[in-house]
Amino acid sequence: AANAAMLELALAFHANRDRMRRGLVVAWWPGHSNARYGGSTWFADHFFEELRTRAVAYVNVDGIGQTGASVFGATASPALKGLGRSVLREATEADVRVGRPGRNSDESFNGVGLPLLQLNHSRANADGGTWWWHTADDTYDKIDMQVLKTDTDLYAEALAGLVTHPAAQISLPAEAERLRTALADRSAQSGGRLDLAEAGEAADRLGVLVAAASERLERAPGSPELDRLVMDVVRPIHRVMFATGSDHHPDPGIYDDPLPGLEPASILAREDPASDRYGFALAYLLRERNRVLGATSEATLAAERLNTFLRIRW
């Protein structure tokens, strides 16, 4: 069902390419389950520099057209939550929960710093859910063509917003705010023993800058250069929010919360400060805090460049 939808979307956008401000790459990922996202990881490895310098969003299409689907939702990085919510609100006339992304959506682009959007429309658990998923019973009769049409239309609208709008539909304030709250959450997990005050203040400064830029972006006619400046703000924050270690080596995707590098913060809350385990965890966490500070500084400088560009041009 998703493959058919992607083919139709590719044909539709190609037919209207004269109205597009950004390109659209359509890709099918082999090795999703049996190779732990091998296809998308290969793509990230072989097109890393192109993705880093040119891409603005990754939209994943999966699990659509389910017979009996009645529950709408979305999975999105902070920068794309607003887009996902607005697209679904028009279909459901209600606010829809937009959850945090995980590696289950072939999200192999965290090292690139590429935000994700996936729209969901599924059967309620009370109706049996998708009990056939990954079984021999996952057959053609599990597809409802009207539901598939609805789901494909939603993706068409989301993609149209990304490729035709003058300014990339990326929310910089949402990205900065989620960094701020994630830092507060990790500090609380440490029982107050991990000092993240400096990082929190840096996130606050970034928030002020991107709020100012966001207002101007709404009025800007847009350009490839402007897209690059926006993504220069997003990428460093996205990487520390969703990836650990090197940008070029995909992480195993085993962490539940943002800022996975600060996951050991809970060790400080439960261990004796005189213990070796506490000391090792603290040393690691201080280095990771410095990584977050570095990323926030990089994003802040990019936000300053963005504001200067917007003031001069518009």
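Biologist: Let's start with two helices: at what angle do H7 and helix H8 (residues 224-242) pack?
Modeller: Keep in mind that this is a predicted model. In it, the axes of H7 and H8 are 13 Å apart. Their packing angle is about 155°.

Biologist: Does that make H7 and H8 roughly parallel or roughly antiparallel to each other?
Modeller: The angle between H7 and H8 is about 155°. Angles over 145 degrees count as roughly antiparallel. Therefore the relation of H7 to H8 is roughly antiparallel.

Biologist: Which residues of H8 make the contact with H7?
Modeller: From H7, the contact uses Leu206, Val210 and Leu217. On the other side, the residues of H8 are Leu226, Val230, Val233 and Ile237.

Biologist: Now a second pair: are H7 and H10 roughly parallel or roughly antiparallel?
Modeller: The axes of helix H7 (residues 197-217) and helix H10 (residues 276-313) come within 9 Å and cross at roughly 25°. Angles under 35 degrees count as roughly parallel. So the arrangement of H7 and H10 is roughly parallel.

Biologist: Is the crossing of H7 and H10 left-handed or right-handed?
Modeller: Many residues take part in this contact, including Leu206, Leu209 and Val210 of H7 and Ala303, Leu306 and Leu310 of H10. As for its sense, the crossing of H7 and H10 is left-handed.

Biologist: Let's turn to the sheet. In what order do its four strands stand?
Modeller: The sheet is open, and its pairing is mixed. Strands of a sheet can pair either parallel or antiparallel, through backbone hydrogen bonds. Here the four strands come in the order S1-S4-S2-S3.

Biologist: Which strands stand at the edges?
Modeller: An edge strand here has a single partner strand, so one side of it is left without a neighbour in the sheet. The strands in that position are S1 (58-59) and S3 (98-99).

Biologist: Which helix packs on the sheet?
Modeller: This helix covers residues 145-164 and touches S1, S2 and S4. Its direction makes about 160° with that of S4. The helix is H5.

Biologist: How many bridges join S2 to S4?
Modeller: S2 and S4 run antiparallel. One of the pairs has Val71 standing opposite Ser122 in S4. The number of bridges joining S2 to S4 is six.

Biologist: Do S1 and S4 pair in the parallel or the antiparallel sense?
Modeller: Two bridges link S1 and S4. The bridge partner of Val59 is Leu117 in S4. The sense of the S1 and S4 pairing is parallel.

Biologist: Which residue in S4 is the bridge partner of Thr75?
Modeller: We can look for it in strand S4, which covers residues 116-122. The bridge partner of Thr75 there is Gln118.

Biologist: Is Gln118 buried or exposed?
Modeller: Gln118 touches Asn60, Asp62, Ala74, Thr75, Ser105 and Tyr155, leaving aside residues up to four places away in sequence. Its strand, S4, is mostly covered, with five of its seven residues buried. The relative accessible area of Gln118 is 9%, and the cut-off for buried is under 20%. So Gln118 counts as buried.

Biologist: Finally, how long is the polar contact that joins the side chains of Gln118 and Asn120?
Modeller: Gln118 lies in strand S4. The polar contact from its side chain to that of Asn120 is 3.2 Å.

Technical notes: Residues numbered from 1 in each chain as written. Predicted model: local features only at pLDDT ≥ 70, side-chain atom pairs only at ≥ 80, totals over all residues. Heavy atoms only, no water. Buried < 20%, exposed > 50% of the residue type's maximum accessible area, 1.4 Å probe, protein only. Polar contact = N/O pair within 3.5 Å; in protein donor to acceptor, adjacent residues only side chain to side chain. Contact = heavy atoms within 4.5 Å. Pairing = 2+ DSSP bridges. Axes fitted to C-alpha atoms, helices over the stretch in contact; angles between N-to-C directions. Parallel < 35°, antiparallel > 145°, perpendicular 65-115°, else oblique. Left-handed = near helix turned anticlockwise from the far one by under 90°.
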